[in-house]
Amino acid sequence: MARHLQRDQLGTFERAVAEYGDVVRLGVGPPGLRRDLFLVTHPDGVEQVLAGDPDGYTKNTPYFEEIAAYLGNGLLTSGGTRWRQQRRTVAPLFSHRRINSYVDVMADEATRLADRCGMAAGSGVSIDVNAAMVEYTLRAVGRILFGADVDDAIPVIRATFPVLNEHVRRRGMNPLRLPRRVPTPAQVRAARAQRALYRVVDDIIERRSGESASGRDLISLLLAARDPETGAPMSDQEIRDQVLIFLLAGHETTSTALTFTVHLLGRHPDTQEAVHSEIADVLGGRAPHADDIARLTLTEMAVKEAMRLYPPAHGLGRLAEHEVTISGYRIPAGSIVLLSPWATHRRPDLWPEPQRFDPARFEPAAEQARPRYAYFPFAGGLRGCIGGHFAMTEAVVAIAALLGRFSVDSDAPDIPLLTQLTLRPAGPVRCRLDLRQPAPVSR
């Protein structure tokens, strides 16, 4: 069935599923330039696209072309042999053991986050949780990527990422994309932002190249990494491309997940109290260590449920390289297949009372009872997000540090949303914090 894609993307997706079912043809663009997208939301269809035929559904879409043009050809955007080589080379840097070694940095930044929030709590004013979480994730990921050079990079990232995000979104959705060399005001701003971002990252890579190979920051590790099959190192440009994609995925998506976790806990005091009890039992007032993460099960469940309701990667596009049949519907070769975690995560046949916040949905027995692709905030299959465990660890550390010290009351029942490269709040997300106990002892 066909439906026109309106300005309200997320609402259109939900209504399309409710009215037409598992596969819906959506018309995008003005008359004469309209193209069709095929929205697939049933878990079997999602699995077919993400895990069934990795070469049959590629990222050769306008959106990914624009991300690659402005943020590099890293793991998120590359394909084929190049992607396989990148994945082999980078995968060891995202093992559970390696991510555990980053927890101390995450915990240190989470403690700083709680200290900043404590100043607001002491004065009785609410805070913008989204701004606080963007600052936390940017500093945590920045330190892990750049080490001692983080203070050089962060101001540039703050200034350039919003410009590039909006420009990529507009070009990715526009059926009439001007050549990038045409000097419109928007393209001039984007080109200037890209140059500034590339310059700061390239300068740090150059400095690291002249240092010893013993650095623990991710740029040093990327410089030392070798393809396990060929022994080849990554070029400086390849390293920069990976760093930019890690920045996008490591701070923007996680800050959104954290914002909505805090907001939802602030609207559900009973669940919040259970999370407080777990954090107190596991941590006893101290900052989290790597060994604590696996014991913070309810805290992790709350983050997962927030990501069900507000998945940062709200839509995933793939190009059907040949004609395919999904859930009984024929989709022509060259069509864009759209997967929407937002829509799938809110299907009532998969998630009873889908609007209700209920972390118990992620108890082990409940997770095992659901189809694998009823929930896919990190995509899946061979192209699943390599940083999924990193993001979950980063989020659990922040919630443990914040709710270990404060009770949260969310001021707003509903949060207006922006559907840019990632899902984001359209404005401040105000929450009030109340101190629960003295500041934790130092580690």
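**Exercise 1. Charge balance.** How many positive and negative side chains does the chain have, and how far apart do the centres of the two sets lie?

*Solution.* The model is predicted: local features need pLDDT of at least 70, side-chain atom pairs count only at pLDDT 80 or more, and totals for chains, interfaces and linings use all residues. Residues are numbered from 1 along each chain as its sequence is written, and side-chain values use heavy atoms, with hydrogens and water left out.

Step 1: fix the counting rule. Lys and Arg are positive, Asp and Glu negative, while His and the chain ends are not counted. Each charge is placed at NZ of Lys, CZ of Arg, CG of Asp or CD of Glu.

Step 2: count. There are 53 positive and 52 negative side chains.

Step 3: compare the centres. The centres of the two sets lie 5 Å apart.

**Exercise 2. Overall form.** State the secondary structure content of the chain, then judge its compactness.

*Solution.* Step 1: the chain has 16 helices and 13 strands, where helices (H or I, at least four residues) and strands (E, at least two) are DSSP runs numbered from the N terminus.

Step 2: the radius of gyration is 22 Å, close to the 22 Å that the globule rule gives for 443 residues, so the chain is as compact as a globular protein of that length. The radius is taken over C-alpha atoms, and the rule is 2.2 Å times the number of residues to the power 0.38.

Step 3: along the principal axes, the C-alpha atoms fill a box of roughly 65 × 55 × 45 Å.

**Exercise 3. Burial, surface and contacts.** Find the buried share of the chain, its exposed area and the share of contacts from residues 24 or more positions apart.

*Solution.* Step 1: buried residues make up 53% of the 443 residues. Buried means under 20% relative accessible area, exposed over 50%, and partly exposed in between (1.4 Å probe, protein chains only).

Step 2: the chain exposes about 18,700 Å², and carbon and sulfur atoms supply 52% of this area. The areas come from the Shrake-Rupley method with a 1.4 Å probe; for residues, only the protein chains shown count as cover.

Step 3: among contacts (heavy atoms within 4.5 Å) with a separation of 6 or more, residues 24 or more positions apart account for 72%.

**Exercise 4. Cysteines.** How many disulfides does the structure hold?

*Solution.* Step 1: a disulfide is a pair of cysteine sulfur atoms within 2.5 Å.

Step 2: test Cys-431. The closest cysteine sulfur, in Cys-117, is 9.7 Å from the sulfur of Cys-431, too far for a bond.

Step 3: the structure holds zero disulfides.

Step 4: add the exposure. Cys-431 is buried at 0% relative accessibility, whereas Cys-385 is partly exposed at 36%.

**Exercise 5. Positive phi.** Locate Ser-327 and Ala-379 and give their phi values.

*Solution.* Step 1: recall that most residues other than glycine have a negative phi.

Step 2: Ser-327 is not a glycine, yet has a positive phi of about 50 degrees. Ser-327 sits in the loop between strand E7 (324-326) and strand E8 (329-331), partly exposed at 35%.

Step 3: Ala-379 has a positive phi of about 60 degrees and is not a glycine either. Its loop joins helix H15 (364-369) and helix H16 (388-403), and Ala-379 is buried at 12% relative accessibility.

**Exercise 6. Partners distant in sequence.** For Arg-35, Trp-351 and Gly-52, give the setting and a C-alpha distance.

*Solution.* Step 1: Arg-35 is in strand E3 (residues 35-40) and partly exposed, with a relative accessible area of 24%. Its C-alpha atom is 9.2 Å from that of Ile-336, 301 residues apart along the chain. Beyond four places in sequence, Arg-35 touches residues including Leu-26, Gly-172, Met-173 and Ile-336.

Step 2: Trp-351 lies in the loop between helix H14 (341-344) and H15 and is buried, at 1%. Trp-351 and Arg-308 are 43 residues apart in sequence and 9.8 Å apart, C-alpha to C-alpha. Arg-308 is also among the residues that Trp-351 touches, as are Arg-361, Phe-362 and Tyr-375.

Step 3: Gly-52 belongs to helix H2 (residues 43-52) and is exposed, with a relative accessible area of 56%. Gly-52 and Gly-381 are 329 residues apart in sequence, with 7.9 Å between their C-alpha atoms.
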